[in-house]
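Reader: I would like to go through a model feature by feature. Please give the general idea each time, then the case at hand.

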Amino acid sequence: IPCKRLREGKSRLAALLSADERFELCDGLLIRTLALATEVARRDRIWLATADALAAERAAARGISVIADEANDLNGALDSARRYIAGRGGIPEALLVLPIDLVLANAAVVNSATADNYEVVLATDTKRLGTNLLLLRGRAVAAFPFCFGANSLLRHRNAARRAGHSLNIIDNPALAFDLDEQDDYLRAIHMARLPVREKA
């Protein structure tokens with residue numbers, strides 16, 4: 001689970017939310033995602049990659065290991081986390097990247113997305129441009145390039161095809177919806193799907 005500093009998240013919502021409100025939103029999203037992760041994986045197989053002290057505390061309180069993010073860049077943080085995990089116990093059989101802002105995702109949806117034995121699984125965003133969930137299996141785990149950012153779905157897809165990995169692209173509304181833009185936030189309010197922040 002990658003998590004940037006909580007006070008730096010969701011900057012595109014600045015027209016709607018104050019800095020403190022964005023912090024509270026990010027904190028609530030993190031807590032929700034940590035809980036979701038424990039429903040789909042054992043706690044000793046969950047890692048939070050972050051440079052944020054409170055985020056690290058949230059994970060540790062739930063028995064989830066923390067990897068210090070020194071890259072300050074999502075792709076760099078994921079690369080570092082992968083090396084860290086491999087150094088602790090060898091290359092795992094599978095690696096799932098789970099963002100914190102998938103407010104419609106639940107355990108059933110995540111388990112369904114990861115049920116088949118494809119080497120690379122990509123869940124698209126609503127615009128079919130971004131990657132909202134990434135699963136790597138087998139030989140893809142060790143070296144598949146993380147390409148998050150603009151047009152990441154295309155770049156991840158092309159990387160999988162170049163390497164000859166079996167590939168599945170999922171277009172599931174519960175995984176496609178994320179809190180990136182103001183319209184996303186307003187829709188989440190309408191659906192009453194925003195998390196309630198846990199007090200420190």
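The dialogue below takes cysteines, nonpolar cores and salt bridges in turn.

Author: One caution comes before the features: this is a predicted model.

Reader: Let us begin with the cysteines. How many disulfides does the structure hold?

Author: A disulfide is a covalent bond between the sulfur atoms of two cysteines. The structure holds zero of them.

Reader: Why is there no bond between C26 and C3?

Author: The cut-off for a disulfide is 2.5 Å between the sulfur atoms. C3 has the cysteine sulfur closest to that of C26, but the separation is 7.3 Å, which is too far for a bond.

Reader: Are C26 and C147 buried or exposed?

Author: C26 is buried, with 4% relative accessibility. C147 is buried too, at 12%.

Reader: Next, the nonpolar cores. How many residues does the largest one have, and which have the most contacts inside it?

Author: In soluble globular proteins, nonpolar side chains tend to be buried together. Here the largest nonpolar core has 40 residues, and I1, L6, L30 and L175 have the most contacts inside it. Two or more residues each come from α1 (19-40), α2 (53-61), α4 (107-113), β5 (120-124), β6 (131-137), α7 (173-176) and α8 (182-190). Helix α1 gives the largest share, eight residues.

Reader: What is L175 in contact with, leaving aside its neighbours within four places in sequence?

Author: With that exclusion, the contacts of L175 are L102, A105, V109, A113, A123, T124, N132 and L133. Apart from the core just described lies another, of 19 residues, with A81, V97, L134 and F148 among them.

Reader: Now charge. How many salt bridges does a search of the whole structure find?

Author: Side chains of opposite charge can pair when their charged atoms come close. The search finds 10 salt bridges. One of them joins D101 to K10, with 2.7 Å between the closest N and O atoms. D101 sits in the loop between β4 (94-97) and α4, and K10 in the loop between β1 (2-3) and α1, so this pair ties together parts 91 residues apart in sequence.

Reader: Are D101 and K10 buried or exposed?

Author: D101 is buried, with a relative accessible area of 8%. K10 is buried as well, at 16%. Both also belong to a network of salt bridges that links K10, R12, D101, D180 and E181.

Reader: Which side chain meets that of D79 in a salt bridge?

Author: That of R82, at 3.0 Å from N to O. The two residues lie in helix α3, three residues apart, about one turn of the helix. Helix α3 covers residues 74-89. D79 is partly exposed at 26% relative accessibility, whereas R82 is buried at 9%.

Reader: What surrounds R82, leaving aside neighbours within four places in sequence?

Author: R82 is in contact with L95, L136, A140, V141, A142, A143, F144 and F146.

Reader: Which side chain meets that of R139 in a salt bridge?

Author: The partner of R139 is E119, at 3.0 Å from N to O. R139 lies in the loop between β6 and α5 (140-143) and E119 in the loop between α4 and β5, so the pair ties together parts that are 20 residues apart in sequence. R139 is partly exposed, with a relative accessible area of 48%, while E119 is buried, at 15%.

Terms used:
Residues numbered from 1 in each chain as written. Predicted model: local features only at pLDDT ≥ 70, side-chain atom pairs only at ≥ 80, totals over all residues. Heavy atoms only, no water. Buried < 20%, exposed > 50% of the residue type's maximum accessible area, 1.4 Å probe, protein only. Helix = DSSP H or I, 4+ residues; strand = E, 2+ residues; numbered from the N terminus. Contact = heavy atoms within 4.5 Å. Core = buried A, V, L, I, M, F, W, Y, C linked by side-chain atoms within 4.5 Å. Salt bridge = Lys/Arg side-chain N within 4 Å of Asp/Glu carboxyl O.
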